[in-house]
Amino acid sequence: MNSFKSTTIYFLVFLIYFFVLLTSAAFGQSTSNGKVVITGVRFAYPLVEKWIKDYKTINPSAQVSIDPRSTVDPTNYDILIEAYEPNQNIKDSREFFYFGRYALLPVANSISEFAKNFGNKGLTEKQLKEIFFQDVFAEKKNHEKINYPLTVYTRLQRAGAPITFAHYFGFEQQNIKGKAIAGSDEHLIKALLKDSTGVSYATLGLLYNPETRKVLNGLTVIPVDQDGDGHVSSNEKQVNDVDAIITKLESHELKNIPVEYLHISISKTNTNQEALNFLTWAFNQSQNDLHHFGYLKPEPQRFQKTKEKLSALTINYTTKK
């Protein structure tokens, strides 16, 4: 009897152990399972959505999706797209690939007195600093008073566009004055369209219609002093065509237009094979799509080095497998 009980107990233990193994295997499949989750800077989502659509056309079974960033990044993701240089701790844990650049221009509500005046005259560096930044060290006698009602809108959370905009002019994000808006860069545009005194800054992709290539209705892009000579020439006032702006920015180093790299990254230690496949495809595809979405191509030498780095990572990962 005792022998029978013992045999029964061992059998039950074996069944439980076998069940646990099966459950673990199933769970392991569900967490890797070829899925790719992407998150990061929200103004890049239209570009990423284009990549996902095209990738699924040639890989119908692919499970690639965006998990939108809120005030923080999602808990789990494979690919991160960001718009400012990461700190060293993040660089130690992820592989970074620089695939394109974005530019920032000042913008105002089209019916504002500010837009009607400076949309024609343009802004110098001194005026840009006066409008957008709280400079406690500037002497009051050097201030250039802006005699038009304006309400500056900026981002509340730490983000790529405000960091880049502020750093270019020698400030930090917290030095940008005005109303801080929670949410994404798109929310700044929505705030401008609702406020007849609104002024802000934004990427080309948010300011221009990707199909018509012209400035969005309700907005006026404000020209700036591109050569730093202290005034805005008639040539510098030509800001209604996004392709013309992209061409100038890619061929000349213009002043008073902040430009920064977009990068895409993947974990060094927990690499998802399908994420690496998508990343490799998207990185090469990116060069065909950048201009359409208002981005600049990277400098050729930097792009080539990044491409070689990605290729080496792919080979190394395949070899280990």
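This is a short working chat about a predicted model and its largest pocket.

Trainee: What should I know about the model first?
Mentor: The model is predicted, so local features need pLDDT of at least 70, side-chain atom pairs need 80 or more, and totals for chains, interfaces and linings use all residues. Numbering runs from 1 along each chain as its sequence is written, and side-chain values use heavy atoms, without hydrogens or water.

Trainee: How many helices and strands in the protein?
Mentor: There are 11 helices and 9 strands. These are DSSP runs: H or I of at least four residues for helices, E of at least two for strands, numbered from the N terminus.

Trainee: Which residues lie nearest the centre of the largest pocket?
Mentor: Arg69, Asp73, Glu82, Tyr84 and Arg158, out of 27 lining residues. A pocket is an open set of points on a 1 Å grid over the protein atoms alone, where a 1.4 Å probe fits, with protein on both sides within 12 Å along at least five of seven lines; lining residues have an atom within 4 Å of a point.

Trainee: Which elements supply the lining?
Mentor: Strand S3 (79-82), strand S4 (94-109) and helix H7 (185-194) each give at least two residues.

Trainee: Switching to Ile181. Buried or exposed?
Mentor: Ile181 is buried, at 19% relative accessible area. Buried means under 20%, with a 1.4 Å probe and protein chains only.

Trainee: Where is Ile181 found?
Mentor: In strand S6, residues 179-181. Thr154 is 27 residues away in sequence, yet the C-alpha atoms of Ile181 and Thr154 are 6.0 Å apart.

Key: Buried < 20%, exposed > 50% of the residue type's maximum accessible area, 1.4 Å probe, protein only.
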